[in-house]
Amino acid sequence: MRILQLHCDSIEYTPTKKEIQSAENIENPSTVKLEELVVAFIAIEEGDDSSVAKNAISQIQNSMEKIGCKKLLLYPYAHLSANLARPTTAMSILKEMESLATNLDVSHSPFGWTKSYNVKVKGHPLAESSKVITKDSESKTNEITSEALKGESTIRSYWKIMSPDGTMTNIGDFDFKNYKKLEILAKYESAKQRQVDEPPPHVALMKKLGIADYEPASDSGNMRFFPNGRLIKSLIERYVTERVKEYGGNEVETPIMYDSEHPSMVSYFNRFPARQYNIDSEGKKLFLRFAACFGQFLMANHFQLSHKNLPYRLYELTRYSFRREQSGELVGLRRLRAFTMPDCHAFCKDIPQAVDEIKVRFDLSQSVLQELGIETSDYEMAIRFTEDFYNENKNSIEDIVRKHGRPVLVEMWKEKFFYFVLKWEFNFVDNLGKASALSTDQIDVENGKRYDISYIDENNSEKNPIILHNSPSGAIERIIYALLEKAAKDSQEGKKPQLPLWLAPTQVRIIPIKENFNEHCISLQKKISLENVRVDVDDRNESIGKRIRDAEKEWIQYILVIGDKEVNSTNLSIRDRQTGSMRELSFDDFIQEIQTQTQNKPFTSLNQSTFLSKRPNLMV
RNA sequence: GCCAAUGUAGCUCAGCCUGGCUAGAGCAUCCGCCUUGUAAGCGGAAGGUCAUGGGUUCAGAUCCCAUCAUUGGCUCCA
């Protein structure tokens, strides 16, 4: 028996004339229209019997359960086979199948008639499948989906919680009382449970603070960054890059598009569902990179590496990486189709060296997040590995978990399906209980060979390195999302939302009480600027109250109102946003206070006009 | 990608159910007045292809269909 199974929005068919003598008798051949159903086109073949009918129906039921559909139309369709059963047998098997599908709303179209039909098939990956069922063989199912998607659904994994002491507990038995966010992550990942029904607060904030917005003239998930957003993003980019270089990363730049027919890509591509942007150019099928892997591997393929050079680290900050995520998945700065990703690969000579190296990078990632303003308590860790790798590297895995200091979510794969044997990630859990990965690292045991990257070992023989794939911060946009979500949470709890001072587009605002203090303000502004502080002047003809309010709305930490009193004093009167009250400090103490908060962080000058009267209103 | 909700001025929203005067408000913008002491000073003007495209109707922001976008859920996230 051969079956072509289609999940349809609708089907409409009209029996036109009897095709064979023994065709089924029907009263009034008229058009039938059915909606929201599965249509099974069926060819019943020589040798099919009741057992085949049973098997077929049970397989159809299984897949219908998966896609959540209850209505089935059996549609006799001779053209699927060249070895058809006799019509009488076929008709009885068809009717048997109909009677077996007891828990479904089932019907069949008339047997032996020529029919015209119109069918609208749904667009999801499981919508179309074909099955071949024979009497003696085990049923052979052939889902027409990409190889990678097919593999993904068959992957077997065990979900556990590992405590810092190395003990593993089943998720169901673990006491999550003190680990609410871990519980959210565990349920999110293993049971795919969600709770929320409101938009994430960072979406409104990114617009109000003039950071970023959707660009309707581009594709969904491709954002535009306003001056404030560009400033924040560039500071984070610079900070992460500096830290990776300090660790030993060699910064490179590689193309953003590649030829999908290049031999190294063809095999890599089988690992991925088709989620990339494609561009056809002069007969080449190019695609936009979804990570920096390609560029770095192709580059490393050209290097002459000795075991003495390893571990060797290549780093690129991709602006951009592109993933054509499903449209329903895109949200604000959390999930994008074009994003900036620091990507650092370490080529290691063997697993022991890779395991040592991954620990160094774990510390780096933890520290980078901390310095960006994301505390250990803001994220939960997940670690995934194959059962074999766990058995051989139990102590090292426990070392890594111990570094996190709290229980972590574990996914253990029965066998290796991906190109890596271990992967860990930090998941930021936001106010609404959504988890998204920030830092991550992987131990890749396949791509060294796939990209023909090799090094010469102590015995003068050629080996493929083990490759680590680390993003110490995760996507830069996602860091901004996390910072804004944290600020929104503070706001909900009655605290004043704030960005870390080194990321604030304006750090100090000066407000002259009257126009005749403008000159004094400008010279003060210049003096403070020289100390690498972003300071601007609100010289608009607005009331003091109004200008204070606007500065507060921009989350500016320090406000200096300048009038007679200040002009005649050596000290500065400073309004501190966190307390809302006034303080008097000397110039030097004030600068000192700012520099303590911004030390070891990159600095860039104001990215808007110094004078508010010269700024267009960008708050969207 | 699937299901649902939403889409009206630069922004936030009212009007839509029950079709019918010139589509309203606040904020922002512009002009004028005020010359300011720590979260919104006063007055006036300008600003709209009611997401886009079709349809029904004497008449569509309003009803119907399709498309696009955003948000939520599902799926996905190597």
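**Group meeting: a walk through the ten-stranded sheet and its surroundings**

Okay, let's start with the sheet: ten strands, open, mixed pairing, in the order S9-S8-S20-S19-S21-S22-S25-S18-S17-S12. Strands S9 (168–170) and S12 (250–251) are the edges, and each has a single partner strand, so one side of each is left without a neighbour in the sheet. When I say strand or helix, I mean a DSSP run, numbered from the N terminus: E of at least two residues for strands, H or I of at least four for helices. Two strands count as paired if DSSP finds at least two bridges between them.

Quick housekeeping. This is a predicted model, where local features need pLDDT of at least 70 and side-chain atom pairs count only at pLDDT 80 or more, while totals for chains, interfaces and linings use all residues. Residues are numbered from 1 along each chain as its sequence is written, chains are lettered from A and ligands numbered from 1 in the order in which they are written, and side-chain values use heavy atoms, with hydrogens and water left out.

So where does the sheet sit along the chain? Chain A is assigned domain 1 (2–145), domain 2 (156–483) and domain 3 (501–614), with the bounds coming from an automatic or database domain assignment. The centres of domain 1 and domain 3, taken over C-alpha atoms, are 75 Å apart.

Back to the S9 edge. Strand S8 (residues 157–162) pairs with S9 in the antiparallel sense over three bridges, and one methionine faces another there: Met-162 has Met-168, in S9, as its bridge partner.

Now the strand I'd really like you to look at, S18. How many of the residues in strand S18 (residues 338–348) are buried? Eleven of eleven, with buried meaning under 20% relative accessible area, exposed over 50%, and partly exposed in between, for a 1.4 Å probe and protein chains only. In a regular strand, side chains alternate between the two faces of the sheet. In S18, Ala-338, Thr-340, Pro-342, Cys-344, Ala-346 and Cys-348 point one way, while Phe-339, Met-341, Asp-343, His-345 and Phe-347 point the other way, and all are buried.

What about the neighbours of S18? S17 pairs with S18 in the antiparallel sense, over ten bridges, and Glu-316 finds its bridge partner in Asp-343 of S18. Strand S25 (residues 466–470) also runs antiparallel to S18, joined by five bridges, and there His-345 stands opposite His-469.

With those cysteines in S18, why is there no disulfide at Cys-348? Because the closest cysteine sulfur, in Cys-344, is 10 Å away, too far for a bond. The cut-off for a disulfide is a pair of cysteine sulfur atoms within 2.5 Å, and the search of the whole structure finds zero. Cys-348 has a relative accessible area of 0%, and Cys-521 is also buried, at 0%.

Staying with S17 (312–322) for a second, there are two cis peptide bonds to check. Leu-310 and Pro-311 are joined by one, with omega about -5°, and Pro-311 is in the loop between strand S16 (305–306) and S17. The other joins Arg-319 and Tyr-320, omega about 15°, and Tyr-320 is in S17 itself. That second one is where I'd like to pause on screen.

Next, aromatics. The structure holds 30 aromatic pairs; rings of Phe, Tyr and Trp (its six-membered ring) pair if their centres lie within 6.5 Å, with planes under 30 degrees apart called stacked, over 60 edge-to-face, and the rest tilted. Tyr-258 and Phe-287 make a tilted pair, 6.3 Å centre to centre with 40° between the planes. This pair links distant parts of the chain, 29 residues apart: Tyr-258 is in strand S13 (residues 257–259) and Phe-287 in strand S15 (residues 284–288). Tyr-258 is buried at 8%, and Phe-287 at 0%. Elsewhere, Tyr-13, Phe-41, Tyr-75, Tyr-77 and Tyr-117 form one cluster.

Two lysines sit over rings, which requires NZ of Lys or CZ of Arg within 6 Å of the ring centre and within 35 degrees of the ring normal. The charged end of Lys-233 is over Phe-225, 5.2 Å from the ring centre, and Lys-601 is over the face of Tyr-239, at 5.6 Å.

Last stop, two asparagines with positive phi. Asn-532, phi near 60°, is in the loop between helix H14 (518–529) and strand S27 (535–537), and is partly exposed at 45%. Asn-600, phi near 65°, is in the segment after helix H17 (587–598), and counts as exposed at 67%.
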